[in-house]
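This report describes the fold and the charged contacts of one protein chain. The sequence and the three-dimensional structure are shown first.

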Amino acid sequence: MEANKMLDAKGLACPMPIVKTRKAMNELESGQVLEIHVTDKGAKNDLTAWAKSGGHELMKHEVENDVLKFWIKKG
């Protein structure tokens with residue numbers, strides 16, 4: 001999936017992946033996509049809820065070698 005920006009939040013514990021995601025999303029235009037890589041297992045629920053509450057769309061997520069990857073489209 002094509003992303004406009006990539007955020008590497010591997011090794012960070014809650015709430016830092018959300019804090020970094022919020023900052024990165026603020027740099028994008030509406031409709032652009034942020035790709036996020038995290039290793040914190042709690043990030044799946046956190047990022048899903050955060051995207052929904054912020055009016056963003058979680059387009060896709062997958063797991064690859066213990067790294068959770070998310071693609072969120074800015075609302």
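The sections below treat the overall form, the sheet, the packed helix, the salt bridges and one buried lysine.

## Overall form

The structure is a predicted model. The protein contains two helices and four strands, and these follow one another along the sequence in the pattern β-α-β-α-β-β.

The C-alpha trace spans about 30 × 25 × 15 Å along its principal axes. A compact globule of 75 residues would have a radius of gyration near 11 Å, and the value of 11 Å for the protein agrees with this. Of the 75 residues, 36% count as buried. Among contacts with a separation of 6 or more, 66% come from residues 24 or more positions apart.

## The sheet and the helix across it

The four strands form an open sheet in the order β1-β2-β4-β3, and the pairing is mixed. Strands β1 (5-9) and β3 (57-64) lie at the edges, each of them pairing on one side only. On average, neighbouring strands of the sheet are turned by 15° against each other, direction ignored.

Strands β3 and β4 (residues 67-73) run antiparallel and are joined by seven bridges. In this pairing, Glu62 stands opposite Lys69 of β4. Helix α2 (residues 43-53) lies across β2 (33-38), β3 and β4, and runs at about 5° to β4.

## Salt bridges

Side chains of opposite charge can pair when their charged atoms come close. A search of the whole structure finds five salt bridges. One of them joins Glu27 to Lys5, with the closest N and O atoms 2.9 Å apart. Glu27 belongs to the loop between α1 (16-26) and β2, whereas Lys5 belongs to strand β1, so the pair ties together parts that are 22 residues apart in sequence. Both partners are partly exposed: Glu27 has a relative accessible area of 47%, and Lys5 has a relative accessibility of 30%. Lys5 and Glu27 are also linked with Lys23 in a network of salt bridges.

Further salt bridges involve residues of β3 and β4. Lys60 pairs with Glu62, and their closest N and O atoms are 3.4 Å apart. Lys60 is partly exposed at 31% relative accessibility, and Glu62 is partly exposed with a relative accessible area of 27%. Glu64 meets Lys69 in a salt bridge of 3.2 Å, N to O. Here the partners fall into separate classes: Glu64 is partly exposed at 39% relative accessible area, while Lys69 is buried at 13%. Lys69 thus bridges to Glu64, although the residue that stands opposite Lys69 is Glu62.

## A buried lysine without a salt bridge

Which side chain of opposite charge is nearest to the buried Lys74? The residue is Glu29, at 7.2 Å, and Lys74 has no salt bridge. A salt bridge requires a side-chain nitrogen of Lys or Arg within 4 Å of a carboxyl oxygen of Asp or Glu.

Lys74 is placed in the segment after β4. Leaving aside residues up to four places away in sequence, Lys74 touches Met25, Asn26, Leu28, Glu29, Ser30, Gly31, Gln32 and His56. Glu29 is therefore among the residues in contact with Lys74, contact meaning heavy atoms within 4.5 Å, even though the pair forms no salt bridge.

Notes:
Residues numbered from 1 in each chain as written. Predicted model: local features only at pLDDT ≥ 70, side-chain atom pairs only at ≥ 80, totals over all residues. Heavy atoms only, no water. Pairing = 2+ DSSP bridges. Axes fitted to C-alpha atoms, helices over the stretch in contact; angles between N-to-C directions. Buried < 20%, exposed > 50% of the residue type's maximum accessible area, 1.4 Å probe, protein only. Lys, Arg positive; Asp, Glu negative; His and termini not counted. Rg over C-alpha atoms; globule rule 2.2 N^0.38 Å.
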